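Subject: Structure handover

Hello,

Here is the structure for you to load. My notes on what turned up follow below it.

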Amino acid sequence: MYTDSMKNKCALITGASGGIGSEIALRLAKDGFSIAACYFSDDEGISRLSEKLSEVGAEHKIYKADVSDFQKMKEVFTDAAECFGGVSVLVNNAGMAQQKLFTDISQEEFDRITAVNFKGVFNCCQCAVPFMVNQKRGKIINISSMWGVYGASCETVYSATKAAVIGLTKALARELAPSNIQVNCVAPGATDTKMNNNLTESEKADFAVEIPMGRFGTPREIAGVVSFLAGSDSDYVTAQIITADGGLT
């Protein structure tokens, strides 16, 4: 299923069916990684990604799983390691957003957002680390948000979970550094994805005016940052939060 030259060069990406996740998967495939693409519910999105990965000749396997389910994610990592000879890069991209007044957030909504955005990252890191320690190398790249750095009105739980991802990144990076595992975080700003479909075109235009670069970012630009962090040029970079937001913050 894999050749010796591909051994231990597998990137496992969560939230791979979305705009940013699919671009990350494609970019890392072009960088030479085999792809383990994990998604939750977007069957059409993951089908499009699989077709594109096949077009570029990338070895890949699709996994439908909920990142908040530790046992299921453990099975995903075990299978990916068996298929591709190891897991050398983990990209924690799965996430969900919500815009709501703080007083209107239900306990169920709080639990679900926290389970996906933070517990999901924790689960995947716990699953990946044993493989990476055994390989004596690895890269963990967590996708947070600029709102995890600065906080967003009416997105309190989302901002809090993304801030938690940043804290986990910094602490885990120090713990894993002696094992030659780098842990970093990308904090995208306003990016042109379905997550922003709740905004009208007028609202998007008003928001873009506040961004020094005058526009939203693209998933491909975020994937470029992830590509750098996944490659050997970043071997001495760890515990860093890279905010890609066009200068907004």
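H1 and H2 cross in a right-handed sense. This is a predicted model, and every value here is computed from it. Helix H1 covers residues 19–30, and its axis comes within 10 Å of the axis of H2. The two cross at roughly 15 degrees. Angles under 35 degrees count as roughly parallel, so H1 is roughly parallel to H2. On the H1 side, the contact is made by Ser 22, Ala 25, Leu 26 and Ala 29. H2 brings Leu 49, Lys 52 and Leu 53. By class, the contact of H1 with H2 holds five nonpolar residues, one polar and one charged.

After H2 (43–55) comes a loop that leads to strand S3 (60–64), and Glu 59 sits in that loop. Is Glu 59 buried, exposed or partly exposed? Its relative accessible area is 34%. Buried needs under 20% and exposed over 50%, so Glu 59 is partly exposed. The C-alpha atoms of Glu 59 and Phe 84 are 8.7 Å apart, with their positions 25 residues apart along the chain.

Next, the packing around H4.

Helix H3 spans residues 70–84. H3 packs on H4 at an angle of about 35 degrees, and the axes are 9 Å apart. The crossing of H3 and H4 is right-handed. From H3, the contact takes in Phe 70, Met 73, Lys 74, Phe 77, Thr 78 and Ala 81. From H4, it takes in Asn 123, Cys 124, Gln 126, Cys 127, Ala 128 and Phe 131. Sorted by class, the contact of H3 with H4 has eight nonpolar, three polar and one charged residues.

H4 (residues 107–135) also packs with H6 (residues 156–176). Their axes are 9 Å apart, at an angle of about 15 degrees. With the limit for roughly parallel at under 35 degrees, H4 and H6 are therefore roughly parallel to each other. H4 passes H6 in a right-handed crossing. Which residues of H4 meet H6? They are Phe 110, Ile 113, Thr 114, Asn 117, Phe 118, Val 121, Phe 122, Cys 125 and Val 129. Facing them in H6 are Val 157, Tyr 158, Thr 161, Lys 162, Ala 164, Val 165, Leu 168, Leu 172 and Leu 176. The contact of H4 with H6 divides into 14 nonpolar residues, three polar and one charged.

Two residues of H6 come up again at Ser 145. This serine is in the loop between strand S5 (138–143) and helix H5 (146–150). Its relative accessibility is 4%. That is under the 20% limit, so Ser 145 counts as buried. What does Ser 145 touch, beyond its neighbours within four places in sequence? The contacts are Tyr 158, Lys 162, Val 186, Ala 187 and Pro 188. Ser 145 and Lys 162 are 17 residues apart in sequence, yet 6.1 Å apart in space, C-alpha to C-alpha.

Last, the aromatic rings. The count comes to one aromatic pair. Phe 207 and Phe 216 form it, with 5.7 Å from centre to centre and 80 degrees between the planes. Planes over 60 degrees apart count as edge-to-face, and this pair is edge-to-face. Phe 216 has a relative accessibility of 12%, so Phe 216 counts as buried.

Best wishes

Key:
Residues numbered from 1 in each chain as written. Predicted model: local features only at pLDDT ≥ 70, side-chain atom pairs only at ≥ 80, totals over all residues. Heavy atoms only, no water. Helix = DSSP H or I, 4+ residues; strand = E, 2+ residues; numbered from the N terminus. Buried < 20%, exposed > 50% of the residue type's maximum accessible area, 1.4 Å probe, protein only. Axes fitted to C-alpha atoms, helices over the stretch in contact; angles between N-to-C directions. Parallel < 35°, antiparallel > 145°, perpendicular 65-115°, else oblique. Left-handed = near helix turned anticlockwise from the far one by under 90°. Contact = heavy atoms within 4.5 Å. Nonpolar A, V, L, I, M, F, W, Y, C, P; charged D, E, K, R; others polar. Phe/Tyr/Trp six-rings, centres within 6.5 Å; stacked < 30°, edge-to-face > 60°.
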